[in-house]
Amino acid sequence: MIPMTCRCAIFFLFSLAATAPGFAQEASLLDEIVVNARRESYRPGKALGATRTQTEIERIPQSIQVVPRSVIEEQQIVRLADVVANVSNVQPGGTQGNRSETFVIRGFEAASYAIDGIMLNPAQNFTETVRDLANVAQVEVLKGPAAVLYGRGEPGGVINVVTQRPSDQLGGNAVLQADGNGLRRVQGSVSGALAPTLAARMSIAAQQTGTFRDHQADGDRVFAAPSLAWRPNERLRADLDYEYTRQNSPGDRGLVVVDGVVRGPAQRSFGEPWSRNHGTSHSVRGRVEYTASEWLTLRQIVNHQEGDSGRHVADFTGLSRDGQSVLRRGVRQQQSAAATTVQSEALARLETGPLRHQVLAGFEYVDARRRTDEARATLASISALDPVPGALPGDYMHARSIDVDARYAAGYVQDQISVGDRWELLAGIRWDDVSQSTVDNGSRTREDGQRASPRVGVVWVAAPSTSVYANVSTSFRPRSATLYAGGNAPPETGRQYELGIKTSLLDGRVLATAALFEITKRNVSTTDPDNSGYVVVTGQQRVRGVELDVIGEPTPNWRLILGAGYLDAQVTRDNVHATGNRLRGVPRFSASLWSTYRFTEGSLYGLTLGAGAVHVGEREGDLANSYRIPGYTRLDASAAYHFGGRYELALRLRNIGNRFYIEQPVTRTTNYAGAPRMLSATFSVDF
């Protein structure tokens, strides 16, 4: 399969090179994204992961939200989940027992994300480590299915983390951060020229994580990310990035349901002090762009990632009959995973009569694997109302081993067509060839198949500052679950219909996006009620929603980011759960607001004040809708003082009202509580 893919790619690139040239337009995705200044703009211009072309957000027929580095710094954020919480209809999805992060986008859970346009290992259902933000330039949330460019995934959307690029100007920053829960973090970045055509950046971070949970040891994380940028001439651009993360964290599945509700306080823990997770991840990315002519750009990307993780934890298996005790077992688990992605692309800028085209064509090949070994032991139950730790596990016995070996080969083409100055058309299709083998305790299942994923969109520029758009897009997610009649469950598929409007306000300083959409997810696999260990494919889920996002600077000193959304998310067909049940953890209404004001004169010169709120409505705790999570509103505030030209001291008070709330429910024995009132402080210096 690899040789055939390479031959097709070479043939396609030579075919394009023989075509008549059209018009010139900037095509590089390797432009510098460098954040050294403390006051870079909120207002996004482009989202690099949306079309992989340098296209303004207003001219892309899709809801796209960009959270810039300045928001991360002002909110003193250390979790990716808190970054995307600034976006409408995006919620934290859980932590896999305090090991990783998942997200809920437009009602559907996403267990993975992309780094600089490359999706993480498709053979995994969680990442080995939590994403560190030390080298993040901006975070893009691409709403709706994105299979044409990203392949397998959930229909709610894709999160793309864009990293900072090296600069040939010497500079950097250092940050010290601490909070009342025991977080102690140091972070730094430096960038500059190593030679006339070679620049480098180094970002590092180390932290003691701290916790507000009882009977838990502190976690820690170390992160390092060197990066090189080679620019020998105007035609050739190359980047090489490496990232390393090592973390330790306490095993924690949160709170449980007692008498039909999740009871606090948030500090209550049902684990044991010896419960620990660990993980290590490495990734290396090489990207080369070559401007073959004024109309043709060639790209080659190679990405390799690997890592290992493990846990020795007190895991929860359920509740006692009277609901007063949490049933537990000891678990020892080791997992290793690796994936190599090779991506070849050509971007051609052509004219056919009055039409102007940006044609992106590419080939992608992914080789991924995962191995998991798990042993289990007996462990005493613990009181659900007054937990007292101290139990030790019995003898461990091998319970499960899983080997996943996957190959994905894909070809895709996308055409952005400009019709005059007022119409933009976007059409694309991807063809995936999937080969996946899963061995679960010696029992092998396979999935071999092909899948076409199209998308079509149109933008009408109704006025110089306003555009109206519509799109139809699709998604797919391969499965390795087994049917009792034989064979594997087919891939889960999704389709979205979306209509929206984007408007640029106040001389372009503010961007507002409103969208109306419907997403249907089909082939949802559910447990076979007559044959344990198998699935039946009768599930279908649907989300209808509306959302509004506003970001920018209404005045030179006032900045804000606002997201608000409404979702009607329900089961529309299922053999286990009742039709009409709401999807797990999805509020009908949610909203977030963050706003800052900087004083640039007078006695308050150098002071920046900020305030924000997060509102999440009532949610169902599981697909059975057997328990309900109340809604909540959390208030935050900040103050920062910039002095000496390059120093800044900032304070942030989170959860001012000290509200008890559940950030995300997963099951009756896994519900993650939000942190109580907490004060954090950050000191930073630029140089």
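**Exercise 1. A salt bridge between two strands**

Work out which acidic side chain R371 meets in a salt bridge, and where the two partners sit.

*Solution.*
Step 1. Find the contact. In this predicted model, the side chains of R371 and D403 form a salt bridge, with N to O at 2.5 Å.
Step 2. Place both ends. R371 belongs to strand β19 (residues 355-383) and D403 to strand β20 (residues 397-419). The pair links distant parts of the chain, 32 residues apart.
Step 3. Judge exposure. Partly exposed covers the range between 20% and 50% relative accessible area. R371 has 35%, so this residue is partly exposed. D403 has 28% and is partly exposed too.

**Exercise 2. Buried or exposed?**

Decide whether D568 is buried or exposed, and do the same for R582.

*Solution.*
Step 1. Confirm the pair. The side chains of D568 and R582 meet in a salt bridge at 4.0 Å, N to O.
Step 2. Locate the partners. D568 lies in strand β27 (residues 558-573), while R582 lies in the loop between β27 and β28 (589-598). The pair therefore ties together parts that are 14 residues apart in sequence.
Step 3. Apply the cut-off. Buried means under 20% relative accessible area. D568 has 19%, so D568 is buried. R582 has 9%, so R582 counts as buried.

**Exercise 3. Another pair, then a network**

Identify the salt-bridge partner of R652, then list the residues that shared partners join into one network.

*Solution.*
Step 1. Start with the pair. R652 forms a salt bridge with D636, and their closest N and O atoms are 2.8 Å apart.
Step 2. Assign the strands. R652 is in strand β33 (residues 647-654) and D636 is in strand β32 (residues 632-643), so the bridge ties together parts 16 residues apart in sequence.
Step 3. Check burial. R652 and D636 are both buried.
Step 4. Follow shared partners. Salt bridges connect D116, R131, R165, R231, D239, D241, E243, R285 and R287 into one network.
Step 5. Take the total. The whole structure holds 55 salt bridges.

**Exercise 4. An open sheet**

Give the strand order of the three-stranded open sheet, and explain why its edge strands each have a side without a neighbour.

*Solution.*
Step 1. Read the order. The strands run β2-β3-β4, with antiparallel pairing.
Step 2. Find the edges. β2 (90-94) and β4 (108-110) each have a single partner strand, so one side of each is left without a neighbour in the sheet.
Step 3. Add the twist. From one strand to the next, it averages 35 degrees.
Step 4. Inspect one pairing. Four bridges join β2 to β3 (residues 102-105). Among the bridge partners are G94 and, in β3, T102.

**Exercise 5. From β10 to β12**

Trace the pairing from strand β10 through β11 to β12.

*Solution.*
Step 1. Pair β10 with β11. Eleven bridges join β10 (residues 184-195) to β11 (residues 198-208), and the two run antiparallel. S189 stands opposite S203.
Step 2. Look at the connection. β10 and β11 form a hairpin with two residues between them.
Step 3. Move on to β12. Eleven bridges join β11 to β12 (residues 220-230), again antiparallel. Here A205 stands opposite F223.

**Exercise 6. Two hairpins that share β21**

Find which turn residues take a positive phi in the hairpin of β20 and β21 and in that of β21 and β22.

*Solution.*
Step 1. Pair β20 with β21. They are antiparallel over 18 bridges, and β21 spans residues 423-440. Y408 stands opposite V434.
Step 2. Examine this turn. The hairpin has three residues between its strands, and G420 has a positive phi of about 65 degrees.
Step 3. Pair β21 with β22. They too run antiparallel, joined by 18 bridges, and β22 spans residues 443-463. T438 has T445 as its bridge partner.
Step 4. Examine the next turn. Two residues lie between the strands, and N441 takes a positive phi near 50 degrees.

**Exercise 7. Empty space inside**

Describe the largest cavity by its volume and its lining.

*Solution.*
Step 1. Count cavities. The whole structure has 18 of 30 Å³ or more.
Step 2. Size the largest. It holds about 1000 Å³ of space.
Step 3. Find its centre. Of 47 lining residues, R79, N98, T209, G210 and F212 are the closest to it.
Step 4. Sort the lining. It divides into 13 nonpolar, 22 polar and twelve charged residues.
Step 5. Name the main contributor. Strand β13 (residues 236-250) gives the largest share, four residues.

Conventions:
Residues numbered from 1 in each chain as written. Predicted model: local features only at pLDDT ≥ 70, side-chain atom pairs only at ≥ 80, totals over all residues. Heavy atoms only, no water. Pairing = 2+ DSSP bridges. Axes fitted to C-alpha atoms, helices over the stretch in contact; angles between N-to-C directions. 1 Å grid on protein atoms, 1.4 Å probe; cavity = no way out; pocket = protein on both sides within 12 Å on 5 of 7 lines; lining within 4 Å. Points joined across faces, edges and corners; volume = space filled by probe spheres on them. Nonpolar A, V, L, I, M, F, W, Y, C, P; charged D, E, K, R; others polar. Buried < 20%, exposed > 50% of the residue type's maximum accessible area, 1.4 Å probe, protein only.
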